[in-house]
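Please open the model in your viewer and keep the selection panel at hand. The tour begins where the chains meet and then moves inside one of them.

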Amino acid sequence: MMMIDRVQLVSIVGSLSLLVLILELIRRGKLAERYSLLWIVTGAVLLGLSIWRGLLDNFAVALGIFYPPSALFLVGLVFVLLLILHFSVIVSRLSRRSRLLAQEVALLKEALREIQEGMGEEID
Amino acid sequence: MSQKQSDVAILIPAYNEETTLSDLIDRLRSELPNCGIIVMDDGSVDQTAEVARSAGAVVLRLPFNLGIGAAMQTGYRYAKRKGYRIAVQVDGDGQHPPEEIHRLIEPIRQGADLVIGCRFLGRGDFKSPLMRRLGMLFFSFTISTLVGRRFHDTTSGFRAAGRSVIEYYSDHYPSDYPEPEAILLLCRAGFDVREVPAKIVERGGGHSSITAIRGVYYLFKVFLAIAMGTLRPVRRPGRENE
């Protein structure tokens, strides 16, 4: 009994557009492949849930949630939290790397200055 | 620069310290005539770099503000590459008197790896606000407990490091409020860390980077870093970080 009602249609179209948007961003090189995995999974899960409504109902029952749509909120929230955590990890790595780069720049500028002043003498 | 260079590098982290720096460098020069004086300018917006350079210091100018830990590490990297045997950390605001540096260097020459100039061991009468004192006590207590040895002044930035520590700190140095954590790292890696009494005076200019609100973050960050530091595998010398 796969009657397609309006809500389902809207959610299928919505999650499809999200997936297309993600893939398009990857294609244009605006979203690096290595960071796109979670986004693709998010889009795919949303699409899956809107096509097979029974999935959401079963999931809600399994978790003991009476009102199936709130299971959807739970799934969404968990994904968003994971994404944000993922970003925090990336930001930490980037800031570590930019710190290293800045230090290297300072050291290289001094080395260059030394060479330019023609006094590159090393202490023993 | 034609006379023989000594093997001692003075590392001065500076952030907008144009008012105190030139006087400090002059005093360092007369106290330790041949030592290398290195100013790590942590993205200052005033004339810090120019003042330090015209006073005769080597200036490592960071392109943007990275915080004291990363600035200090830049100095250690420089000292490592230049082959210095001893590096002495001195604050840019003049609270660490150059006359006291010999007291820090002496134990290094006799084999210590890191020597901390301690405010509370009898020399000088260092007064600081109650909250800061409590914070200092807290860190000293925490570090002492974790390391199993009594440390009196874990927040003092007046330190001398030997060659092995210069190399170690080039690869591993904590960011943000690094002093207590930097001790813990060394102790866990098996270095010989000592404290000596040192006179530390009122600030000549500038002001503490630690304000009331930052104080809370300071406590939290350092405590978390110390707790995680003890759970993390020991970072042995010689392994580059990413």
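Select chain B and chain A together: the area buried between them is about 2,100 Å², of which carbon and sulfur atoms give 51%. Buried area here is the accessible area (1.4 Å probe) that two parts lose on being put together, summed over both. This is a predicted model, in which local features need pLDDT of at least 70 and side-chain atom pairs count only at pLDDT 80 or more, while totals for chains, interfaces and linings use all residues. Residues are numbered from 1 along each chain as its sequence is written, chains are lettered from A and ligands numbered from 1 in the order in which they are written, and side-chain values use heavy atoms, with hydrogens and water left out.

Next, display the contacts (heavy atoms within 4.5 Å): 24 residues of chain B touch 20 residues of chain A. Between the two chains there are 3 salt bridges, each a side-chain nitrogen of Lys or Arg within 4 Å of a carboxyl oxygen of Asp or Glu. Zoom in on Glu114(A) and Lys82(B), whose side chains form a salt bridge at 2.7 Å, N to O.

Now colour chain B by secondary structure; helices (H or I, at least four residues) and strands (E, at least two) are DSSP runs, numbered from the N terminus. On the side of chain B that touches chain A, β3 (58-61) and α3 (68-82) of chain B each supply at least two residues. The largest share, 7 residues, comes from α3(B).

Hide chain B and select helix α2 (residues 37-51) and helix α4 (residues 68-116) of chain A. They pack at an angle of about 175 degrees, with axes 11 Å apart; axes are lines fitted to C-alpha atoms, for helices over the stretch in contact, and angles run from 0 to 180 degrees between N-to-C directions. α2(A) and α4(A) are therefore roughly antiparallel, the term for angles over 145 degrees. Among the residues that meet are Trp39(A) and Val45(A) in α2(A), and Phe79(A) and His86(A) in α4(A).

Finally, add helix α3 (residues 53-63) of chain A, which packs against α2(A) at about 100 degrees, with axes 4 Å apart. This pair is therefore roughly perpendicular, a label for 65 to 115 degrees. Here Gly48(A), Leu49(A), Ser50(A) and Ile51(A) in α2(A) meet Arg53(A), Leu55(A) and Leu56(A) in α3(A).

How values were computed
Angles under 35 degrees count as roughly parallel, over 145 as roughly antiparallel, 65 to 115 as roughly perpendicular and the rest as oblique.
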